[in-house]
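Q: I'd like a close look at a single part of this protein, with its surroundings filled in afterwards. Could you walk me through it?

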Amino acid sequence: MDLVGACVAFVYVSERGSFTLGAAAARIPQPVASRRIGSLERHLGGRLFDRSTRRAILTPFGRDMLPSARRLVALAEAMEHDAERARLAPLRLAVPDVCGTRELAQLGADALRQDVRLDLHPAPPRVREDLLRTRQVRASVAAVPADEAAWRVPLGLASVAEPRSAAVHLETLRVGRGDSEVRRRVWIQPEDDVPHIRDRVRRLGESVGLQPAQIAVASAFTTAAAHVLDSAELGIHWRPAGGIAPVRGYAVAAGEGEDAERIERELAEGLAACLGADRGAEERR
């Protein structure tokens, strides 16, 4: 038996003193209201209304049961309200702070079409980890090794002077003892300050004779760009890093597995645009 539905019919009929008016208030047909109240009477073991008159008059048993029925109906309405509020609550998602404003806005619009309301929080990798760990966000676009990634972005080196070769090899940055040339540095963006990228670059630099200070982590992407006078989007020359081919990998991490699966499934293209990569394909950034 639909106990809540029966109690709704019972409460509305009792308040209006009529099966017809009570059913209309409950937005159900009058025969349905009668059947539900009859089922409730059989379930509770007593008559709720005196059917010997034309009006719906409560029996003593009905008057005793009415307060409980009202509490159950109020609780059911509160539960429906809470469920609606939960469905409308935004999904807080931490994303890389290198994502462009336009792409993030488009991601939010795409999500709305999928009935997902996003509350986006751009942040560097370590901050995204902390936000997820402390439950300040429900999910995070996490930096992961390429073989674990849902999205992959091949990395390289950029400089003001156009390289003469198809790839830039770190050994070409080595400074000899007699060289008066200012040593050139490799600036790692904060987004790539993760072990599977940073440590590989440093190991390769050591193996080809670069000085430790020649590989540094910038405090912000703009800081790294400032050291080469421009940003990759504004015209400096980008080349793959020879001998290492680093890849920026991303996957969604979440407190609930369903959140991660839904984001990767329904928002794959929008996130790929934000990250500078196609899902399952490679685009440079």
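Which strands do the buried residues of α6 pack against?

A: Happy to take a look with you. Keep in mind that this is a predicted model. The buried residues of α6 pack against four strands by name: β3 (91-96), β4 (118-123), β5 (139-144) and β12 (247-254).

Let's start with the helix itself. Helix α6 covers residues 125-133, and its buried residues are Pro125, Arg128, Leu131 and Leu132. Looking down the axis of α6, you would find these buried residues within an arc of 120 degrees, so they line one face of the helix. The other side of α6 carries Arg126, Glu129 and Arg133, which are exposed. Arginine thus turns up in both lists, with Arg128 among the buried residues and Arg126 and Arg133 among the exposed ones. After α6 comes arginine 135, with a positive phi near 65 degrees.

Now for the surroundings, beginning with the aromatic rings. The model holds 2 aromatic pairs. One of them joins phenylalanine 10 and phenylalanine 49 in an edge-to-face arrangement, with 5.7 Å centre to centre and 85 degrees between the planes. Phenylalanine 10 belongs to helix α1 (residues 3-16) and phenylalanine 49 to strand β1 (residues 49-50), so this pair ties together parts that lie 39 residues apart in sequence. Both phenylalanine 10 and phenylalanine 49 are buried. Ring pairs also bring in Phe19, giving a cluster of Phe10, Phe19 and Phe49.

The cysteines are worth a look too. The count of disulfides is 0. For cysteine 99, the closest cysteine sulfur is that of cysteine 274, at 4.9 Å, which is too far for a bond because a disulfide needs the sulfur atoms within 2.5 Å. Cysteine 99 is buried, since its relative accessible area of 10% is under 20%. Cysteine 7 is buried as well, at 6% relative accessibility.

Finally, a word on confidence before you use the coordinates. The average pLDDT of the protein is 85, and 89% of the residues score at least 70. Residues 230-234 fall below 50, and this stretch has 6 contacts in the model beyond near neighbours in sequence. Residues 280-285 also stay under 50 in pLDDT, and the model gives them 25 contacts beyond four places in sequence. Where pLDDT is low, predicted coordinates should not be read in detail.

Notes
Residues are numbered from 1 along each chain as its sequence is written. This is a predicted model: local features need pLDDT of at least 70, side-chain atom pairs count only at pLDDT 80 or more; totals for chains, interfaces and linings use all residues. Side-chain values use heavy atoms; hydrogens and water are left out. Buried means under 20% relative accessible area, exposed over 50%, partly exposed in between (1.4 Å probe, protein chains only). pLDDT is the predictor's confidence in each residue, from 0 to 100. Contact means heavy atoms within 4.5 Å. Helices (H or I, at least four residues) and strands (E, at least two) are DSSP runs, numbered from the N terminus. The arc is that of the directions from the helix axis to the C-beta atoms. Rings of Phe, Tyr and Trp (its six-membered ring) pair if their centres lie within 6.5 Å; planes under 30 degrees apart count as stacked, over 60 as edge-to-face and the rest as tilted.
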